[in-house]
Amino acid sequence: VIRTTREIDGIDWAAAAEVIRLAPLGTRDPARLERAFRNSYVSVFAFDEDTLVGLGRATCDGEFQACIYDVVVLPAYQGQGVGRQVVHELLKCLPVKNIILYAVPGKESFYAKLGFRAMRTAMAQLSPGMSLPEAGYLEAPG
Ligand SMILES: CC(C)(COP(=O)(O)OP(=O)(O)OC[C@H]1O[C@@H](n2cnc3c(N)ncnc32)[C@H](O)[C@@H]1OP(=O)(O)O)[C@@H](O)C(=O)NCCC(=O)NCCS
């Protein structure tokens with residue numbers, strides 16, 4: 001049985017970076033990852049016994065807007081409801097009704113099942129890597 005916690009003290013950030021790398025969602029420096037999670041409004045960590053198997057976080061202004069980032073689950077635990085559990089816990093803790101995120105290309109239906117809808121007018125400035133056409137995040141310029 002998977003338990004989730006919002007307790008950030010005691011998280012092994014090298015293990016968290018490893019969950020993200022294996023998910024796969026890219027490489028993260030553990031110290032920067034810890035700062036990003038600590039600077040977020042709410043963070044959720046999913047454990048199987050003492051093993052970190054999933055995580056996610058959201059930023060929020062406390063009044064109107066929030067944004068979800070870094071939802072990942074270890075491959076061996078994917079498809080068992082852990083991602084849904086992490087997102088539900090994040091949503092429960094957000095005191096606002098406008099919640100946005102960007103899905104990894106191909107993962108949109110995971111969020112659609114959780115009640116998210118594709119946005120018509122989303123606009124973004126993204127880092128060079130995420131701006132590459134092959135990254136799949138941006139519409140062609142036009
Ligand atoms: C995407 C991810 C977080 C989903 O977590 P998960 O624990 O595997 O998902 P769950 O088991 O909670 O799935 C919840 C629902 O979404 C569906 N779903 C999960 N992953 C999906 C996918 N890749 N494509 C389509 N549907 C998916 C499940 O079938 C399930 O549907 P159901 O309610 O009808 O049973 C996880 O697969 C992952 O870490 N992937 C790699 C990293 C990544 O891409 N993260 C997304 C950031 S946007």
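Analyst: A polar contact is a pair of N or O atoms within 3.5 Å. We will need that cut-off when we come to the ligand of this structure, which is a predicted model.

User: What makes the approach of Val-71 to a nitrogen atom of the ligand a polar contact?

Analyst: A polar backbone atom of Val-71 is 3.0 Å from a nitrogen atom of the ligand, and because the limit is 3.5 Å, the pair counts as a polar contact. The side chains of two other residues can be set against the limit in the same manner: a polar side-chain atom of Gln-78 lies 3.4 Å from an oxygen atom of the ligand, and an N or O atom in the side chain of Lys-107 is 3.2 Å from an oxygen atom of the ligand. Both pairs therefore fall within 3.5 Å and count as well.

User: How much of the ligand's accessible area does the protein cover, and which elements give two or more residues to the shell around the ligand?

Analyst: On its own the ligand has 900 Å² of accessible area, and 78% of this is covered by the protein. The elements that contribute two or more residues to the shell are β4, α3 (82-93) and α4 (108-113), and α4 gives the most, with four residues. There are 20 residues around the ligand, and those that come nearest are Gly-79, Gly-81, Gly-83, Arg-84 and Ser-109.

User: Asp-70 is in strand β4; how do you know whether it is buried or exposed?

Analyst: The relative accessible area of Asp-70 is 11%, and because buried means under 20%, Asp-70 is called buried. Its surroundings fit into the picture: leaving aside residues up to four places away in sequence, Asp-70 touches Leu-25, Arg-28, Leu-33, Phe-37, Leu-55, Gly-56 and Arg-57.

User: Which side chains make polar contacts with the side chain of Asp-70?

Analyst: One partner is the side chain of Arg-28, at 3.1 Å, and another is that of Arg-57, at 2.9 Å. The backbone of Asp-70 also deserves a look, for its phi is near 55°, a positive value in a residue other than glycine.

User: Glu-49 has a positive phi too; where is it found, and is it buried or exposed?

Analyst: Glu-49, with phi near 55°, is found in the loop between β2 (42-48) and β3 (51-60). These two strands form a hairpin with two residues between them. The relative accessible area of Glu-49 is 64%, and because exposed means over 50%, Glu-49 is called exposed.

User: Why is β2 described as largely enclosed by the rest of the structure?

Analyst: Seven of the seven residues of β2 are buried, so the strand is largely enclosed. In a regular strand the side chains alternate between the two faces of the sheet. In β2, Val-42, Val-44, Ala-46 and Asp-48 point one way, while Ser-43, Phe-45 and Phe-47 point the other way, and all are buried.

User: What makes β2 and its neighbours count as paired strands?

Analyst: Two strands pair if there are at least two bridges between them. Four bridges join β1 to β2, which run antiparallel, and seven bridges join β2 to β3, also in the antiparallel sense, so both cases satisfy the requirement of at least two. Within these pairs, Thr-4 has Ala-46 of β2 as its bridge partner, and Phe-47 stands opposite Leu-52 in β3.

User: Why are β1 and β5 called edge strands?

Analyst: The five strands form an open sheet in the order β1-β2-β3-β4-β5, with mixed pairing. The strands β1 (2-5) and β5 (98-101) each pair on one side only, which is what makes them the edges. For β5, the pairing is with β4, over four bridges and in the parallel sense; Cys-67, for example, has Ile-100 of β5 as its bridge partner.

User: Which strands does α2 lie across, and at what angle does it run to β3?

Analyst: The helix α2 lies across β2, β3 and β4, and runs at about 50° to β3. In the loop between α1 (13-22) and α2 (30-38) lies Pro-24, and the peptide bond from Ala-23 to Pro-24 is cis, with omega near 0°.

Technical notes. Residues are numbered from 1 along each chain as its sequence is written. This is a predicted model: local features need pLDDT of at least 70, side-chain atom pairs count only at pLDDT 80 or more; totals for chains, interfaces and linings use all residues. Side-chain values use heavy atoms; hydrogens and water are left out. Buried means under 20% relative accessible area, exposed over 50%, partly exposed in between (1.4 Å probe, protein chains only). A polar contact is a pair of N or O atoms within 3.5 Å; within protein, one must be able to donate a hydrogen and the other to accept it, and residues adjacent in sequence count only if both atoms are side-chain atoms. Contact means heavy atoms within 4.5 Å. Axes are lines fitted to C-alpha atoms, for helices over the stretch in contact, and angles run from 0 to 180 degrees between N-to-C directions. A residue is near a molecule or strand if one of its heavy atoms lies within 4 Å of it. Accessible areas come from the Shrake-Rupley method with a 1.4 Å probe; for residues, only the protein chains shown count as cover.
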